[in-house]
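Open the model in your viewer and switch on a surface display. This tour goes from pocket to pocket, with something to select at each stop.

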Amino acid sequence: MHEPTSPQALPRRIGLWSAIAIVIGSIIGSGIFRSPAGVATKLPGPLPMLAVWVVGGVFALCGVLTLAEVASALPRTGGLFVFLREGWGRLYAFLFGWSELVIIRAAALGAIATTFSEYFLRVMGYDPSVAPYDQWVHYVAAVAIALTAAFNIIGVRWGAAVQIVTTLAKFGGLAFIIALALFVGLPRTGGINFTPAVPPGSFAIAPFGLALVSALWAYDGWADLSFMAGEVKDPSRTLPRALIGGALAVMTIYVLANVAYLAVLPIDEMSRSRLVAADVAQRLIGPRGVTFVATTVMLSTFGALAGALMTTPRIFFAMADDGMLLRRVAAVHPRFQTPYVAIALAATLGIAFVLVRTFEQLADTFVTAILPFYALGVASVFTLRKRAGYAPGFRTPGYPVVPALFVLSVIYLLVNAIVDPSSRWGTVGVLAVIALGVPVYLATVGRRAEADERA
């Protein structure tokens, strides 16, 4: 298997609990506070709506179980980039890095930072939906990206510390909302919002697929720890435990959160609420509840932003280390021992996106662009298992059904998005940008590889 040629390496400093915090912190962000309204709009029935969150969790868990195996066999910085390179070749790895560089990561950072900014302004007493504060949203988001980048440049321990603190805050905030709704709200409503479980017209295959895309924005982040595999202590044991434990914890929290929302709000009211958690708190404990939830969301999104800027710059580091980007991008800071150029590059692109695009544009772009590479990364287990010397410290339970189910689900989601008129051209546009990476590869990396072979 391919080994990087650069002598630079990042030290292994991340233990099990920091790794679990990174997984949870990278997943729980704005999604659980924003996405329930979109899901309820597409599936206006209690059972179909809850089913999407369960299916989304199973989808993510299938991916986690498979990538845990691949990551234990290839514990190198770059994660999914490395899996694609080893499983499918340099072109596919380049396309992932190209897409991360020009669209995926900048869109994700922008969407997370925008949500943080909106709630920060709300906590400060400003309405982010009216002028001039609607413009302030972009500027505050840009500052948040720059600040979290600085944390991660100073050191991975500082970045991990931010993850641990904000993850504890997220758990505490969500646990409070869930407990309040179930033990105070549910006795008040008597569970009336859960009936009928499947109202007429509340379920269809196409809307279910679109609702699942909304849920997957909330679940995304489950693969981020694999990007830092080269910095995890005892990776063959730590990576599987952290990935699986973190994903199961988030799935449980998300399902409980949506049950809690339904315990207080009818499904039609949920579908009209962009800030469903705040509305639940408002209903149960008044204006103080809104302030509390806004603070919780602010902490949640700041943690997710810090996690994204900790993990994904390692993709650019791995690309540069493999000769697919300028070697300078792989530079390790002499004092802080972090890939500071790669972190600065990711932050700069995120700031550029967040200054000109809305949350909805950023989130939709991200989910559409990342799904094909998740499918390829998971499918790499099929090719890697056929190779001599492949010795993972963990093997995917339910193989080959688990990875096959994940890949087929991605194909369904992308085809459904292209067929549906409301998402067709946005999806085609994103896939076209990804495909544009093929001629870029042939004109740059591929040409250099041919020249090296002739030499």
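We start with the second largest pocket of this predicted model. Its volume is about 320 Å³. To find the second largest pocket, select Arg-34, Thr-114, Glu-118, Pro-128 and Arg-274, the residues nearest its centre among the 16 that line it.

Next, colour helix H5 (90-123), helix H6 (133-154) and H15, since each of these helices supplies at least two residues of the lining of the second largest pocket. Which helix gives the most here? It is H5, with four residues in the lining of the second largest pocket. Now colour that lining by residue class: you should find seven charged, five nonpolar and four polar residues.

Now move on to the largest pocket, which holds about 800 Å³ of space. Select Lys-42, Ser-214, Glu-360, Ala-363 and Asp-364; of the 33 residues lining the largest pocket, these lie nearest its centre.

Keep the view there and show the helices around those residues. Helix H2 (31-42), helix H8 (205-219), helix H15 (359-384), helix H16 (401-419) and helix H17 (424-435) are the elements that give two or more residues to the lining of the largest pocket. Pick out H15 in a colour of its own: with nine residues, H15 gives the most to this lining.

How does the lining of the largest pocket divide by class? Colour it as before and look for 14 nonpolar, 13 polar and six charged residues.

For a last view, leave H15 selected and show both pockets together. H15 supplies at least two residues to the lining of the second largest pocket and nine to that of the largest pocket.

Conventions
Residues are numbered from 1 along each chain as its sequence is written. This is a predicted model: local features need pLDDT of at least 70, side-chain atom pairs count only at pLDDT 80 or more; totals for chains, interfaces and linings use all residues. Side-chain values use heavy atoms; hydrogens and water are left out. On a 1 Å grid over the protein atoms alone, a cavity is a set of points where a 1.4 Å probe fits but cannot get out, and a pocket is an open set with protein on both sides within 12 Å along at least five of seven lines; lining residues have an atom within 4 Å of a point. Grid points are joined across faces, edges and corners, and a volume is the space filled by probe spheres set on the points. Ala, Val, Leu, Ile, Met, Phe, Trp, Tyr, Cys and Pro count as nonpolar, Asp, Glu, Lys and Arg as charged, and the others, Gly among them, as polar.
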